[in-house]
Amino acid sequence: MKLLIFLFLLLMSCVSLQVFNAKTAELISHHQVEINQSFPKEGWVEEDPREIMQSVHECIERTCEKLCKLNIDVSNIKAVGVTNQRETTLVWDKDTGEPLYNAIVWLDLRTQSTVERLINKHKTGLPISTYFSAVKLRWLLDNVDEVHEAFLSQRAMFGTVDSWIIWCLTGGKNGGVHCTDVSNASRTMLFNIHTMDWDPELCRYGTGCFLLRNTGTKPVISDHGLLTTVAYKLGKDEPACYALEGSVAIAGAVVRWLKDNMGMVQSSSEIEKLAAAAGTSYGCYFVPAFSGLYAPYWEPSARGIICGLTQFTNRNHLAFAALEAVCFQTREILDAMNQDSGVPLTQLKVDGGMTSNRLLMQLQADILCIPVVRPTMSETTALGVAMAAGAAEGVGVWSLSPGQLPHVTSERYEPQINSEESEYRFARWKKAVQKAMNWETTEPCYNGSGKSLHTGSDFSC
């Protein structure tokens, strides 16, 4: 049996390792470890790079133990693939191997004052936003002495989470490989997606649900708020393929917020039961703009809002509104894609942990007015990276030829409401989005202890 081992770092704070059979695409074994996120100030989101690597090593050890119990020799593992939080930014010391600061997570907002500087979108394919790595790196250089000193002495190594994991696993300070791929590089704001290389001009500066549509070997610049990104490049001499991408900052994280911050449920799976008990939001709309709004608005001043509340509203309605919010945000970026491409999508293929929520899948089909197709193996991102690793030069245990791809079974959800009702609910959502806009118009002031003194629209610090 030929196997592939696959490290999967989820967007919302866990490390998962999955092992696939390279002939059948069957998931053989897996292990998952939660990692903590910290919120030092309002809008700041960080993770501990050491904890990330501890979780990676724990996943490797536990998965190897599970393989041994299945009488599978770990020497059958032929390749490793990595998928990760792309824009999350780390800097570490190449001599000591130690991180110089916590990882700044992709939805962190601390760099808002930096994003006003001009960057040529047509080089990067990206709008100016706190989302991307370059502005996070700029903040680290300007605000963390250890990073600035390491930079001056040429000890600082910068990367996204994939770079950190690969560098540590290949030796770290003792000859670790410092690398990334073009799809991660294209999200740093330092990479020219036309030349497929780091751009000297951009590098001088730089010192949640994601929907992608493959646009082929030529980049398409969006006129409707989407990102132009590198989808993949499968081989040194192969052409890069590009995609239009819509990025939503808070999708599944809204369920975690209801659980951890509001204490509404004990586990994420309870949300579906609550929402199903209501069967409707009863006119309640939830815009979870905790980190501003990403595609298609790119509005960092927006903040979360729940509106349409009455005395009748209860937690069941709020749970339903939270699930609807995920679907409405998907509808917004799907509409933008249809406008950019001129070819309306006829069905939506989905994956990820939230796809186990059957009510969410049906709501998504209803709101989009097109079928939603969910694979029985929800983490198809993991499978895709495993396949790419297995097809790499020198490995060759997996063929990516269309006729030789494994069959993945799926479940199909058809729309069950009429388009008029769908349009009415979507129009109400967009009205709620407008009410969430322009909430933050000044930076908050902080006292000596780091506590916010004021955040408002009329007071200047």
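User: In this predicted model, is N438 buried or exposed?
Analyst: N438 sits in the loop between helix 13 (419–436) and strand 19 (445–446). Exposed means over 50% relative accessible area. N438 has a relative accessible area of 53%, so N438 is exposed.

User: What is the phi of N438?
Analyst: Most residues other than glycine have a negative phi. N438 is a residue other than glycine, yet its phi is positive. The value for N438 is near 55°.

User: Which residue with a positive phi follows helix 1, and where does that residue lie?
Analyst: The phi in question is near 60°, and the residue is not a glycine. At 72% relative accessibility, this residue counts as exposed. Its place is the loop between helix 1 and strand 5 (77–83). The residue is N71.

User: What length does helix 1 reach from its first C-alpha to its last?
Analyst: Helix 1 covers residues 49–69, which is 21 residues. At 1.5 Å a residue, 30 Å is expected. The helix comes close to that, reaching 31 Å.

User: Which residue caps the N-terminal end of helix 1?
Analyst: The contact runs from a side-chain oxygen to the backbone nitrogen of R50. The two atoms lie 2.9 Å apart. The capping residue is D48.

User: Which backbone nitrogen lies 3.2 Å from a polar atom of the N192 side chain?
Analyst: N192 belongs to strand 9 (residues 191–192). Buried means under 20% relative accessible area. N192 has 6%, so N192 is buried. Its side-chain polar atom lies 3.2 Å from the backbone nitrogen of T195.

User: Which strands stand at the edges of the open sheet 16-17-18?
Analyst: Three strands form this sheet, with mixed pairing. An edge strand here has a single partner strand, so one of its sides is left without a neighbour in the sheet. That describes strand 16 (348–349) and strand 18 (410–413).

User: In what sense do strand 16 and strand 17 pair?
Analyst: Strand 17 spans residues 372–375. K349 stands opposite V373 in strand 17. The two strands pair over two bridges, and the sense is parallel.

User: Which two residues does a cis peptide bond join?
Analyst: Most peptide bonds are trans. Here omega is about 0°. P296 lies in the loop between strand 14 (285–287) and strand 15 (305–307). The bond joins A295 and P296.

User: How much accessible area do Y232, L234, L400 and L405 have together?
Analyst: These residues form a nonpolar patch on the surface. L234 is partly exposed, at 44% relative accessible area. Together the four have about 320 Å².

Definitions and conventions: Residues numbered from 1 in each chain as written. Predicted model: local features only at pLDDT ≥ 70, side-chain atom pairs only at ≥ 80, totals over all residues. Heavy atoms only, no water. Patch = residues over 30% accessible without salt bridge, like charges linked within 9 Å, V, L, I, M, F, W, Y side chains within 5 Å. Areas by Shrake-Rupley, 256 points an atom, 1.4 Å probe, with all protein chains shown as cover. Salt bridge = Lys/Arg side-chain N within 4 Å of Asp/Glu carboxyl O. Buried < 20%, exposed > 50% of the residue type's maximum accessible area, 1.4 Å probe, protein only. Pairing = 2+ DSSP bridges. Helix = DSSP H or I, 4+ residues; strand = E, 2+ residues; numbered from the N terminus. Expected span 1.5 Å × (residues − 1). Polar contact = N/O pair within 3.5 Å; in protein donor to acceptor, adjacent residues only side chain to side chain.
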